[in-house]
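User: I have a new model open and would like to go through it with you, beginning with how the residue classes are set.

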Amino acid sequence: MNPSMSSVAVTQRSPVRSPPFEHQQPFFLLRWLDSAWFPWAWMALWAGAQVGHALVSWHFFATGAALLSSDATGAGLHMYATHPQLQIGPLAFLAATPLNGLASWLSGAITAASIAATAPAMLQSLSRLPGLTISNRQRGLAAGVLMPVWAELAVHYAHLDDALALVLLVGAIHAVARSRPLAAALLLAASAGAKPWALAFVPLLLLLPRVRWRRAAAVWSAAVVAAWLPFVVADPRTLHAGGFSIPNVASSSLRALGITAASTPSWDRPVQLLVGVVLGAVAVHRGRWLVVPAVVLAVRMLLDPGAYPYYTAGLVLATVAVDVGWRQTRWPWVSMGVVAGLYAVRFMGLMTPTDAELGWLRAATLLAVLTVEPGPDWRKHPSYVLPERLRARRVRALIVRLGFIHTPSARPAVSAASDPQSPDLAILMGRPS
């Protein structure tokens, strides 16, 4: 070939532009994080890690389910009066009843696997809330934070009541977002029927149009009463079951707040519900309805004499909803803070804080959640701005690629097909319908 012709051909060839750095294929670990299967695989990994010490609390559910379906003295509708330690809603026992005929280890294993599967399913469900677009990276990062703690709830403890209450709560969130008052009321009542502390989620109904929320509140009240009234009518001593107390452990935030009673104070449970409802109503009034579950659970944990690790799973799920739904950040910063302050700090080996220090850290973390969620709306400000001297294209692109700051393509956005005037979208974005 003539060298001159080769030179001309080269000079006339159109240059091939490399894609922008931030849109190139990410590191292979980030590709895994973005994949649809990652939350399921990550959940399976952590569930497997808990198998060696699994089903710690399953005997409560097996016993309660057997009592609920028994005609023996002190069973059936008398079970709460004679067994006040069963601080579990009747709906959870009803859900466990079909497994009564199986060996305890098998029924527990089936339940643990089912609870574990709900975590990635709920995460996917949250990404389908109307008016929101949650990126694969957001979902993957949220899964990375949620699944280790959820495995504690699902496999180690097998707490069917907490899991059922939270699954029904997610269903109620969808019903509220779609302005379906009857479904929202029944789902929230069912959540309370699985776990009594879920009564404090009722402020979510205030998000409905005024002409509907009153009727929804009436339906919710009737459904809650219907779940518990048969037990009270059959044995009025059931009313005293709520006074059952647990030890006020040294690592509880209640002790850090100065409440040094040996067990649950008589005022504690009512105050948990009352403060949770009030702060939840304030959050709805301020247009921050997605923070209601996090506020309710943070109040419950702050004023609880126990400090069981499975408590944290519900709060992490609630703060994930806040991070990806209300704050709309790529990294689930609030959830990461909750896991660090309430869960990971317990597994630091020789550096693990003392019980008293754990209590102080627990109280500080929960108070921080209660400050961040109803506090200033940080969404109006850039989450991170690079100093001028670091704004070189490749440096910034690398940081974007790792997910520490936003790009317009990565930020969750309202679908273009959504009608900005629709009630559902107005509700989600915190505007009055």
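Analyst: Ala, Val, Leu, Ile, Met, Phe, Trp, Tyr, Cys and Pro count as nonpolar, Asp, Glu, Lys and Arg as charged, and the others, Gly among them, as polar. This is a predicted model, in which local features need pLDDT of at least 70 and side-chain atom pairs count only at pLDDT 80 or more, while totals for chains, interfaces and linings use all residues. Residues are numbered from 1 along each chain as its sequence is written, and side-chain values use heavy atoms, leaving out hydrogens and water.

User: OK, what does the chain average for pLDDT?

Analyst: The chain average is a pLDDT (the predictor's confidence in each residue, from 0 to 100) of 82, and 79% of the residues score at least 70. Residues 1–24 have a pLDDT below 50, and in the model this stretch makes 11 contacts (heavy atoms within 4.5 Å) beyond near neighbours in sequence. Residues 404–433 also stay under 50, and the model has 47 contacts for them beyond four places in sequence.

User: Back to the classes, then: how many residues of each are in the lining of the largest pocket?

Analyst: The lining of the largest pocket has 25 nonpolar, 8 polar and 5 charged residues. A pocket here is an open set of points on a 1 Å grid over the protein atoms alone, where a 1.4 Å probe fits, with protein on both sides within 12 Å along at least five of seven lines; lining residues have an atom within 4 Å of a point.

User: And how much space lies in the largest pocket?

Analyst: The largest pocket holds about 1,100 Å³ of space, taken as what probe spheres set on the points fill, with points joined across faces, edges and corners. It is lined by 38 residues, of which Leu86, Gln87, Ile88, Pro196 and Arg269 are the closest to its centre.

User: Which helices supply at least two residues of that lining?

Analyst: Helix H4 (58–68), H11, helix H13 (268–285) and helix H14 (292–302) each do, where helices are DSSP runs of H or I with at least four residues, numbered from the N terminus. H13 gives the largest share of the lining, with 5 residues.

User: Switching topic, how many salt bridges does the count come to?

Analyst: The count comes to 6 salt bridges, each a side-chain nitrogen of Lys or Arg within 4 Å of a carboxyl oxygen of Asp or Glu. In one of them, arginine 137 meets aspartate 34 with N and O 2.5 Å apart. That pair links distant parts of the chain, since arginine 137 belongs to helix H8 (residues 136–157) and aspartate 34 to helix H2 (residues 28–34), 103 residues apart.

User: Why do arginine 137 and aspartate 34 count as buried?

Analyst: Buried means under 20% relative accessible area, exposed over 50%, and partly exposed in between, with a 1.4 Å probe and protein chains only. Arginine 137 is buried because its relative accessible area is 10%, and aspartate 34 because its relative accessibility is 18%.

User: What does aspartate 162 form a salt bridge with?

Analyst: Its partner is lysine 195, with the closest N and O atoms 3.7 Å apart. The two lie 33 residues apart and link distant parts of the chain, aspartate 162 being in helix H9 (residues 160–177) and lysine 195 in the loop between helix H10 (181–194) and helix H11 (210–234). Both aspartate 162 and lysine 195 are buried.

User: Aspartate 235 and arginine 237 also meet in a salt bridge; is aspartate 235 buried or exposed?

Analyst: Aspartate 235 counts as buried because its relative accessibility is 5%, whereas arginine 237, at 48%, counts as partly exposed. Their N to O distance is 2.9 Å. Elsewhere, salt bridges that share partners join Asp161, Asp162 and Lys195 into one network.

User: Last topic, the helix that holds serine 335: which residues of H16 are buried?

Analyst: Serine 335 lies in helix H16 (residues 333–342), whose buried residues are Val334, Ser335, Val338, Val339, Gly341 and Leu342. These buried residues pack against H8, H14, H15 and helix H17 (355–372). Serine 335 has a relative accessible area of 0%, and beyond four places in sequence it is in contact with Val145, Val316, Thr319, Val320 and Asp323.

User: And where does threonine 312 lie?

Analyst: Threonine 312 lies in helix H15 (residues 311–327) and is buried at 0% relative accessibility. Leaving aside neighbours within four places in sequence, threonine 312 is in contact with Val149, Met301, Val338, Leu342 and Tyr343.
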